[in-house]
Amino acid sequence: MAEPTQPDRETREQFLGVLAELIAQGGAERFLLPPVAPGGDAFPEPWAPTTAGVQLLLRRLLWHAGIERAVELDDDRLAKAPPTERKPATRVEITELAKTTPAGSKAAGSARFTVYFIGEDEIAGTLAHEVGTLYAALHRVEKADPYRTAEPPTITIDPDRDLERGSIATVYLGLGVLAANAAFQQYSSAGRFNGGYVPLEYDVLRAGAVPMSALAYLLAVQATVRGDDAPPRGLAPPQRDEVADWMKALDGQGATLRERLGIAASTAVQARPAVEPLDDELPPFEEPAPKPTAFRWQTHRGGVGFVAGTVMGVGLAFALARGMLPLTLVGGGTLGHLIGRRVRAPRCSACATVLPEGATTCAKCGAVLRGDIANLGDRLEAEERLEEENREQL
């Protein structure tokens, strides 16, 4: 069977070299375990889109990877999703590794992450890439420095050295399925009504520092070395297809790949250890951030009508007589403006998004709509009146 075109031969050799380095440093046992599959069997802890939920998920991923590290989180989240992103992606980054152990922890040092945004995407896979980066930073291939007298107390993540090796390390650590699923994510949703129909909109999110096709190739290498006859469980359809194609291309090369990666023929494939819930530190309940208060700002389509009427006036003048242009220009714009003023267009006073009639929340910014105002300048007065009503109720 012909080999898939992605990744190319040079990239494959480069990534196999990184994988061989990781195996030489940490042994082949982790690489020969079956990859972790998404689902309740591997992740029995409760999930919540909070800092505590992220911390618990990171602890579970570190457990799967065989890394003993305490998890510390810095919460630097935005109040809401970036307005320019239709499907905002989860953003959590590993920033540094401390070599001192926090009080009360049995882990060998701590790992500090920063939470910027928690989305509704492949969160476990996104975090898997950060765990791989953590491992890559701990196992850099560096020349010994004869003049270095002491190890630094912390290791700072180096994007040039750690990110790509970290995404490759996810396969070595058994997190490759999660990482591959997050490396290419497809989402579809109904768009805005454009006057004739509601278009279907697509969003593609990508996590990690290497393409999904590269992780699919490495997962196929892992499956071939393990002697599997099917792609690992838990892959999304595009990822599964690419892994299956590479497994067909690599059929019969298990011994050659073992030799290339430095894995002894006698190294046996083992099962993953049983997963027990981390019920000693379940995430505490966190009150969600209060949604902003806004009002339905009653506007109209006068501006749109003026533009449309002006354009129609110009077209009418060219169709009848160009000498009538001043008359049709003014008349069309005025008539369009008057008609447009009769078309109601309520907007959110917080973000100016056009709202459906009677809407109680803004779909864009999440604001709770507490009434109607005629002018945007009335918003402060309406907020004060609302606060006074709330005090009277108390």
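**Exercise 1. Find the partner of Glu72 and place both residues in their sheet.**

Which residue stands opposite Glu72 in strand 3?

*Solution.*
Step 1. In this predicted model, Glu72 faces Arg112 of strand 3.

Step 2. Now look at the strands themselves. Strand 1 and strand 3 (residues 110-117) run parallel and are joined by six bridges.

Step 3. Widen the view to the whole sheet. The sheet is open, has four strands in the order 1-3-2-4, and its pairing is mixed. Strand 1 (70-75) and strand 4 (154-156) are at the edges with a single partner strand each, so one side of each has no neighbour in the sheet. From one strand to the next, the twist averages 30 degrees.

Step 4. Add the helix that covers these strands. Helix 3 (residues 51-65) packs on the sheet and touches strand 1, strand 2 (91-98) and strand 3. The direction of helix 3 makes about 150 degrees with that of strand 1.

**Exercise 2. Follow the charges around Arg112.**

With which residue does Arg112 form a salt bridge at 3.8 Å?

*Solution.*
Step 1. Start from the principle: side chains of opposite charge can pair when their charged atoms come close.

Step 2. Apply it here. The partner is Glu96, and the closest N and O atoms of the pair are 3.8 Å apart. A salt bridge needs the side-chain nitrogen within 4 Å of the carboxyl oxygen, and this pair is listed as one.

Step 3. Locate the two ends. Arg112 belongs to strand 3 and Glu96 to strand 2, so the salt bridge ties together parts that are 16 residues apart in sequence.

Step 4. Check the surroundings. Arg112 is partly exposed, at 25% relative accessible area, and Glu96 is partly exposed too, at 27%.

**Exercise 3. Describe the setting of Arg296.**

Is Arg296 buried or exposed?

*Solution.*
Step 1. Find the residue: Arg296 lies in strand 7.

Step 2. Read its accessibility. Buried means under 20% relative accessible area. Arg296 has 14%, so Arg296 counts as buried.

Step 3. List what surrounds it. Leaving aside residues up to four places away in sequence, Arg296 touches several residues, including Arg347, Leu355, Leu369 and Asp372.

Step 4. Pick out Asp372. This residue of strand 9 stands opposite Arg296, and the two side chains meet in a salt bridge of 2.9 Å, N to O. With Asp372 in strand 9 and Arg296 in strand 7, the pair ties together parts that are 76 residues apart in sequence. Asp372 itself counts as partly exposed, at 46% relative accessibility. In another part of the charge pattern, salt bridges with shared partners join Glu72, Asp74, Glu96 and Arg112 into one network.

Step 5. Look at the strand pairings. Strand 7 (residues 293-300) pairs with strand 9 (residues 368-373) in the parallel sense, over four bridges. Strand 7 is also joined to strand 8 (residues 344-348) by five bridges, and these two run antiparallel. In that second pairing, Gln298 stands opposite Pro346.

**Exercise 4. Compare sequence distance with distance in space.**

How many residues apart in sequence are Thr50 and Ile118?

*Solution.*
Step 1. Place Thr50: it sits in the loop between helix 2 (29-32) and helix 3, and it is buried, with a relative accessible area of 11%.

Step 2. Count along the chain and then across it. Thr50 and Ile118 are 68 residues apart in sequence, while their C-alpha atoms are 7.6 Å apart in space.

Step 3. Set this beside the whole chain. Among contacts between residues at least 6 apart in sequence, 73% join residues at least 24 apart.

**Exercise 5. Take stock of the whole model.**

How many helices and strands does the protein chain have?

*Solution.*
Step 1. The chain has 12 helices and nine strands.

Step 2. Of its 394 residues, 41% count as buried. The exposed area is about 22000 Å², and carbon and sulfur atoms supply 54% of it.

Step 3. For side-chain links, the whole structure holds 11 salt bridges and zero disulfides. Two cysteines can be placed: Cys348 is buried at 0% relative accessible area, and Cys362 is buried at 3%.

Step 4. Finish near the start of the chain, in the segment before helix 1 (9-26), where Pro7 is found. A cis peptide bond joins Gln6 to Pro7, with omega about -5 degrees.

Key:
Residues numbered from 1 in each chain as written. Predicted model: local features only at pLDDT ≥ 70, side-chain atom pairs only at ≥ 80, totals over all residues. Heavy atoms only, no water. Pairing = 2+ DSSP bridges. Axes fitted to C-alpha atoms, helices over the stretch in contact; angles between N-to-C directions. Contact = heavy atoms within 4.5 Å. Disulfide = S-S within 2.5 Å. Buried < 20%, exposed > 50% of the residue type's maximum accessible area, 1.4 Å probe, protein only. Areas by Shrake-Rupley, 256 points an atom, 1.4 Å probe, with all protein chains shown as cover.
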